[in-house]
Amino acid sequence: MRGLPAAWILAAAAFGGFSLLLPVVPWAIAEAGGSDTLAGSVTAVFMLTTVLTQIAMPRLMRTYGHRATLIAGCLLLGPPSLLFLLSVAPAAVLGISAVRGIGFGMITVAASALVGELAPPRLLGRATGALGVGIAASQMIGLPAGLAIAERFSTTPVFVLGAIATSAALVAAFRLPQTPKRAATPSGRIPLRVLLFPMVAVGSGAIAYGGLTSLLRIAVADLPVPTALAVLSASTLVGRFGAGALADRFGAGRMLPVGLGLAAVAMVPFALVADGRTGTGALIGASVCFGLGFGIVQNEALLVAFRRAGSEHIGSASAAWNIGFDAGTGAGSFALGAVAAASGYPAAFVVAALLVPTLPLLARLAGPSERPRPST
């Protein structure tokens, strides 16, 4: 268990700093007279460099180790936040966001991979669940706090706090062990199709999540959407840690169909709410259901990825999971937004309800059920 608390603290602090700035940077651009296109491009550039970095992370971790990549990630994510104080001109904000995205990509992959390396197999489910709880809790605080501080005072303290929060992550990074105790030399590259199912499973849930976080406030402006999103985040905490505890007892992957089912079913009342057929009760109930389901999916998909990859490819498993999550969130925001523009918000949520179970099923059929065993 040595090093796990530091890994959990690092992830929570880094995601806290990320969450503080996530809604505030586009808002600062708009306040400075920037276009909506520029405001949206900032997040798009951030996530693009995040995903590109995640692709390269297995090799970087093999070359430099988890501790060094996490320290580098903290340095690239946190201190550049202070540069927003100097300028929010287009070239500046896009360049700063690109650099911060690289740091975020390093942290997301290396933190979950490190937990997978450090946790004893009998406690792996709870260890990954605790990681998810720390991340989700920091986002629950950071997202609304960043906007509240910016609206009450200015964006300046938000940018400073973002740098400070990630500096706390840097302190935790220096307390990590130099080498994970179960690190192994990888024997070749693991085929992508082995990790396709868990990557698509978390990605399908993230598509719905991206659509909800982007569209729900616009779709039902007269209902308490901020409260619903807070309830969704809290339910995700419960689902993720609960799934981890059950996985340690009964085995990883058994709850994944349940999580996908809950997330898919929840999109139907969201569609009814967007259509004006139901109200606050259905909105909150759907948020609880989706949060529980998505939390289960997150933890189960990560554990399945670890199991399929084996101990020598934990970095690749973590990268695949994070790519699925981040790419799915971005794709959901864009694609479901396009559906909403063409056919309305209820249609967008119905499409999400269909994609959540269908995409993982297709991925399961397209790839092996488990990692192929070496021939003898």
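Modeller: The largest cavity holds about 90 Å³ of space. This is a predicted model, in which local features need pLDDT of at least 70, side-chain atom pairs count only at pLDDT 80 or more, and totals for chains, interfaces and linings use all residues. Residues are numbered from 1 along each chain as its sequence is written, and side-chain values use heavy atoms, without hydrogens and water.

Biologist: What makes a space a cavity or a pocket?

Modeller: On a 1 Å grid over the protein atoms alone, a cavity is a set of points where a 1.4 Å probe fits but cannot get out, while a pocket is an open set with protein on both sides within 12 Å along at least five of seven lines. Points are joined across faces, edges and corners, and the volume is the space filled by probe spheres set on them. The structure holds 1 cavity of 30 Å³ or more.

Biologist: How do you know which residues line the largest cavity?

Modeller: A lining residue has an atom within 4 Å of a point; Phe18, Val42, Phe46, Ser97 and Arg100 are among them. The largest share, 3 residues, comes from H3, a helix (a DSSP run of H or I, at least four residues, numbered from the N terminus).

Biologist: Why is Ser97 called buried?

Modeller: Happily, that one is quick: the relative accessible area of Ser97 is 2%, and buried means under 20% (exposed is over 50%, partly exposed in between, with a 1.4 Å probe and protein chains only). Ser97 sits in helix H5 (residues 90-118). Beyond residues up to four places away in sequence, Ser97 touches Val42, Phe46, Thr49 and Phe84, where contact means heavy atoms within 4.5 Å.

Biologist: What makes Arg126 and Asp248 a salt bridge?

Modeller: The rule asks for a side-chain nitrogen of Lys or Arg within 4 Å of a carboxyl oxygen of Asp or Glu. The closest N and O atoms of Arg126 and Asp248 are 2.8 Å apart, so the pair qualifies. Arg126 in helix H6 (residues 124-152) and Asp248 in helix H9 (residues 225-250) are 122 residues apart, linking distant parts of the chain.

Biologist: Are Arg126 and Asp248 buried or exposed?

Modeller: Neither label fits: Arg126 is partly exposed at 37%, as is Asp248 at 21% relative accessibility.

Biologist: How many salt bridges does this rule give?

Modeller: The count is 2; Arg277 and Asp275 also meet in a salt bridge, at 2.7 Å from N to O. Arg277 counts as exposed because its relative accessibility is 65%, whereas Asp275, at 40%, is partly exposed.

Note on methods:
Helix = DSSP H or I, 4+ residues; strand = E, 2+ residues; numbered from the N terminus.
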